[in-house]
Amino acid sequence: MNSNILILPLLLPLVCALVLVFTKDKNTLSKILYIGTMSLNTIISFALLIYVLKHKPITLNFGDWPAPFGIQFLGDSLGLLMTTVASFVVTLIMSYGFGRGEQRVNRFYMPSFILFLTVGVIGSFLTSDLFNLYVMFEIMLLASFVLVTLGQSVEQLRAAIIYVVLNIIGSWLFLLGIGLLYKIVGTLNFSHIALRLDQIHDNRAIIIVSIVFMVAFGSKAALVLFMWLPKAYAVLNTELAALFAALMTKVGAYALIRFFTLLFDQHTGVTHPLLVFLSCITMIIGAFGVIAYRDIKKVASYQVILSIGFVILGLGSNTFAGVHGAIFYLANDIIVKTMLFFVIGSLVYMSGYREYRYLSGLAKKEPFYGVAFIVMIFAIGGVPPFSGFPGKVLIFQGAVQNGNYIGLSLMIITSLIAMYSLFRILFIMYFGDNDGEQVDFNPLPMHRKSILGILIAVVLAMGIAAPVVMKTTENATKLNIDDHYFHNLVNTHLKEENK
């Protein structure tokens with residue numbers, strides 16, 4: 001396969017975002033362009049993923065300069081899995097539409113900024129160059145800054161201040177980590193960094209740099225540093241909240257997985273117990289958040305924080321099963337959190353309120369939402385045969401193998417709390433005293449119900465056909481956790497030079 005195809009998942013949304021600037025007054029044409037582009041992006045990414053699973057990772061050297069001298073993109077099973085899932089959910093989010101504000105969002109170039117954000121996300125998944133990863137993060141964050149403030153309400157501007165400040169601090173730490181790591185190893189290519197770090201015996205320097213990256217990526221993933229997330233997500237409209245929940249924290253979690261399996265795997269006695277400790281704190285924060293609020297958007301926001309704790313617990317176990325579970329659960333969580341915010345956003349749209357006490361009797365009038373809500377609860381709780389089950393079982397297994405019994409107990413308890421917080425809303429929807437009389441529910445467009453139906457089908461399919469999906473996540477785990485396997489497939493010339 002021609003390696004130049006690897007640039008298409010990045011290039012297509014970028015070109016489309018630029019074209020949409022000139023079609024902002026033509027709503028139908030704009031819709032065809034951005035939905036068609038992201039649908040094609042999903043197909044191309046999936047085809048590349050299948051090729052990589054059957055053959056070997058794809059590397060693309062820009063300007064035909066080989067690593068470590070040039071910028072390189074790497075299409076391995078981990079990066080392409082995340083790219084495929086991200087492209088899929090962005091397609092659904094943009095198909096969901098922008099409601100009554102369709103004319104206004106085109107005037108403010110919202111579809112273009114969503115695609116620019118997607119470019120940053122996909123670029124982060126595919127780049128094999130450390131500084132280029134920083135560039136992709138900044139593209140993603142700049143687009144997100146615009147999207148957070150686009151509504152121009154006072155509440156959004158207040159949330160944006162916290163969001164921008166904390167993410168800028170995270171970016172500074174990321175840049176500091178790049179500088180420190182370059183001083184130690186003298187290279188920016190992932191595979192070259194991994195080879196050189198294995199030859200360095202200065203434990204203190206590597207541990208300090210790894211902790212800098214842990215804090216930088218942790219701030220992006222809402223690992224303990226969560227303050228920006230609930231305020232920002234609660235003020236966004238449905239499609240933007242789903243976009244942020246699906247992608248923003250997941251890029252930070254992806255970076256932590258990539259760095260602390262492939263790069264910083266020399267001193268796991270320090271870094272990985274710290275990751276477990278941070279994951280436990282994050283799970284506790286998420287658990288308190290989901291039961292403390294009546295605002296269903298804030299409940300959903302803390303569900304995002306809670307799931308990050310599960311992913312990092314699997315990573316921190318430093319076992320094959322734990323990392324495998326973290327990757328599976330991360331890919332699954334992109335889909336599940338999209339579904340969560342679609343469901344929550346639909347409930348707000350239909351009732352006109354964000355507090356769940358106004359949802360009394362809704363499920364009796366709209367049974368479909370009762371079904372969607374139950375499927376979502378079981379997927380989040382990890383109940384078989386739904387998609388959250390395989391990932392949680394693997395994380396459970398990894399925690400047992402590494403003796404992380406406190407983290408394991410917290411995962412079980414907080415999973416139950418997460419389910420309880422959502423069942424509480426469901427019971428009001430079904431058994432509320434007022435039987436919906438105090439709220440005149442708005443009907444939801446049929447195409448939005450269809451999108452929810454697609455997500456329900458995917459969540460069920462990922463659980464029932466888990467062995468098929470797990471072939472991909474197992475390959476991704478092996479490639480990143482086994483240094484020899486990685487170096488035998490990616491940039492083999494660097495391995496020869498370092499002998």
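A residue counts as buried here when its relative accessible area is under 20%. In this predicted model, I193 sits at 0% relative accessibility, so it falls in the buried class. I193 belongs to helix 8, which runs over residues 190-197. Setting aside neighbours within four places in sequence, the contacts of I193 are L130, L181, V185, T187, L188 and L263. There is also a long-range relationship to point out: D483 lies 290 residues from I193 in sequence, yet the two C-alpha atoms are 12 Å apart in space.

Burial comes up again with helix 5, this time across a whole element. Of the 17 residues in helix 5, 15 are buried, so the rest of the structure largely encloses this helix. The length of helix 5 works out as well. Helix 5 covers residues 110-126, and at 1.5 Å a residue its 17 residues should span 24 Å; the C-alpha atoms at its two ends are indeed 24 Å apart, so expectation and model agree.

One partner of helix 5 is helix 1, made up of residues 8-20. The two axes come within 8 Å and cross at roughly 165°. Since angles over 145 degrees count as roughly antiparallel, helix 1 is therefore roughly antiparallel to helix 5. The crossing itself is left-handed. On the helix 1 side, the contact is built from P9, L10, P13, L14, C16, A17, L18 and L20, and these meet P111, S112, L115, F116, V119, I122, G123 and L126 of helix 5. Sorted by type, the residues of this contact come out as 14 nonpolar and two polar, with no charged ones. As background to such lists, an α-helix has 3.6 residues a turn, so residues three or four places apart point the same way.

A second helix pair brings together helix 10 (residues 228-235) and helix 13 (residues 296-316). Here the axes come within 9 Å and the crossing angle is roughly 135°. An angle between 115 and 145 degrees falls outside the parallel, perpendicular and antiparallel classes, so helix 10 and helix 13 are oblique to each other. Their crossing is right-handed. Helix 10 supplies L229, P230, Y233 and A234 to the contact, while helix 13 supplies K297, K298, S301, Y302, V304 and I305. By type, the contact of helix 10 with helix 13 holds seven nonpolar residues, one polar and two charged.

Key: Residues are numbered from 1 along each chain as its sequence is written. This is a predicted model: local features need pLDDT of at least 70, side-chain atom pairs count only at pLDDT 80 or more; totals for chains, interfaces and linings use all residues. Side-chain values use heavy atoms; hydrogens and water are left out. Helices (H or I, at least four residues) and strands (E, at least two) are DSSP runs, numbered from the N terminus. The expected span of a helix is 1.5 Å times one less than its number of residues. Buried means under 20% relative accessible area, exposed over 50%, partly exposed in between (1.4 Å probe, protein chains only). Axes are lines fitted to C-alpha atoms, for helices over the stretch in contact, and angles run from 0 to 180 degrees between N-to-C directions. Angles under 35 degrees count as roughly parallel, over 145 as roughly antiparallel, 65 to 115 as roughly perpendicular and the rest as oblique. A crossing is left-handed if the near helix is turned anticlockwise from the far one by less than a right angle, and right-handed if clockwise. Contact means heavy atoms within 4.5 Å. Ala, Val, Leu, Ile, Met, Phe, Trp, Tyr, Cys and Pro count as nonpolar, Asp, Glu, Lys and Arg as charged, and the others, Gly among them, as polar.
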